[in-house]
Protein chains: 2
Amino acid sequence: MVDGLPRSVRLPIIIALDPPYGVDPIGWCQGIIDDTVDMVVGYKIGLPLVLDCGRNDLGEIVGRMGSDLLRIADLKLADIGDIMVSVIRRLKDIGFNAFIVHGFTGYRDALEKVSGYLRNSGGKMITVVSMSHRGSIEVIDGVLDKLLDIALKSGSWGVVAPATRPKVIKIIRRKLGGKVKILSPGIGVQGAYPGDAIKAGADIEIIGRLITRSSDPRRTIMELHSVYR
Amino acid sequence: MVDGLPRSVRLPIIIALDPPYGVDPIGWCQGIIDDTVDMVVGYKIGLPLVLDCGRNDLGEIVGRMGSDLLRIADLKLADIGDIMVSVIRRLKDIGFNAFIVHGFTGYRDALEKVSGYLRNSGGKMITVVSMSHRGSIEVIDGVLDKLLDIALKSGSWGVVAPATRPKVIKIIRRKLGGKVKILSPGIGVQGAYPGDAIKAGADIEIIGRLITRSSDPRRTIMELHSVYR
């Protein structure tokens, strides 16, 4: 389901590494990665962890992920193109190979620049076209069609759309065809069940606490095998 | 023009601290701050510098800014509310007192949460409602009215709108009245002249390279006095 990734026993899951407050984030992340690195297609790290760790420790964590896996920096970049490129350059140095940006920043002087930079230097652009929270309906969902045009025009490798709204995933799949991956967060604590987004047309489900806060992450993933078969 | 800030000799300017590639960012920032701290109303730091510095060095830099000045973390946050709050909590610990977020994330479970958190813990929310690059026209500018509603509903202290489009600033001022500050980037290298945004109705101009790359930042600001008189 995910090109270029070993498919044998891997499930189409990206684990969102969001450490609980108060733990040593480095040890916590490394524990989960070591436990699951042969079972999933990648990991996603957000801004809170980036702020907690700093570059060196982040490099340690990211280096622990297999080099053929998706190592996603989920900073939801939403700035002018030059700034986004400047951030992505630093994230690439740390070891990330995929970068989440916001489609609503537009193409010209925004995703255009990110896309040009990643085409030259290597790396996947993943564009947010819908979000999982209720506020997404107020503005973003009303301009979904424009956001998809921008995602396509900029040659996004993937788009992000929430498992909590399978109808939106269906609309997106219809418009994008098979050219662009759909990655879906919102599974578990946020309300959707594992497998829901894939059934609606997504390629990969992003799962956090359901796996990372379980007493045995490896076993939890094993138990999900039947869902994704 | 900026409530609660000493007004004597200060100009309504926030300096964007974006170090050039290759310099020691900490020394560079501290030099400019020490040189200008009695002349402007605040400073703004973006994600590239945050990544370069890490928490301790950032704390050093931010601590150098007067405690009555605006110390703006310009990460252009655009995530669900819980994540934005979790990032802002960390930025507050570092010493920032104002936080730039994106209005298009919506109110419910997004700015609503940021607003609630900052009301309790102290700190200013500054909401992006328009951007300076060309791509802003593709999506954002078409929903300006919605973004302003969201900025108002969430009790934003200020909004960000570009000096490069004075007409947009005028529309915003008309809608917001005097309740909300307008902060305008886009001056200098990006095309607008110092004073342009204030003339159109903004409260504060955000200026970067025009000051920080001049051979004598202090003198450059002195020379701007006549513009803002």
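Student: How much area is buried between chain B and chain A?

Tutor: Good place to start! This is a predicted model, where local features need pLDDT of at least 70, side-chain atom pairs count only at pLDDT 80 or more, and totals for chains, interfaces and linings use all residues. Residues are numbered from 1 along each chain as its sequence is written, and side-chain values use heavy atoms, leaving out hydrogens and water. Buried area is the accessible area (1.4 Å probe) that two parts lose on being put together, summed over both. Carbon and sulfur atoms give 60% of the area here, and the total is about 3,800 Å².

Student: Which three residues supply the most of the area that chain B buries against chain A?

Tutor: Together they supply 18% of that area, more than any other three residues. They are Leu51(B), Phe104(B) and Arg134(B).

Student: How many salt bridges does the rule find across the interface?

Tutor: A salt bridge is a side-chain nitrogen of Lys or Arg within 4 Å of a carboxyl oxygen of Asp or Glu. One of them joins Asp52(A) and Arg55(B), at 3.7 Å from N to O. Across the interface of chain B and chain A, the count is eight.

Student: Is Asp79(A) buried or exposed?

Tutor: Find Asp79(A) in the loop between strand 3 (70-77) and helix 3 (81-94) of chain A, where helices (H or I, at least four residues) and strands (E, at least two) are DSSP runs numbered from the N terminus. Buried means under 20% relative accessible area, exposed over 50%, and partly exposed in between (1.4 Å probe, protein chains only). Because its relative accessible area is 11%, Asp79(A) is buried.

Note on methods: Chains lettered and ligands numbered in written order.
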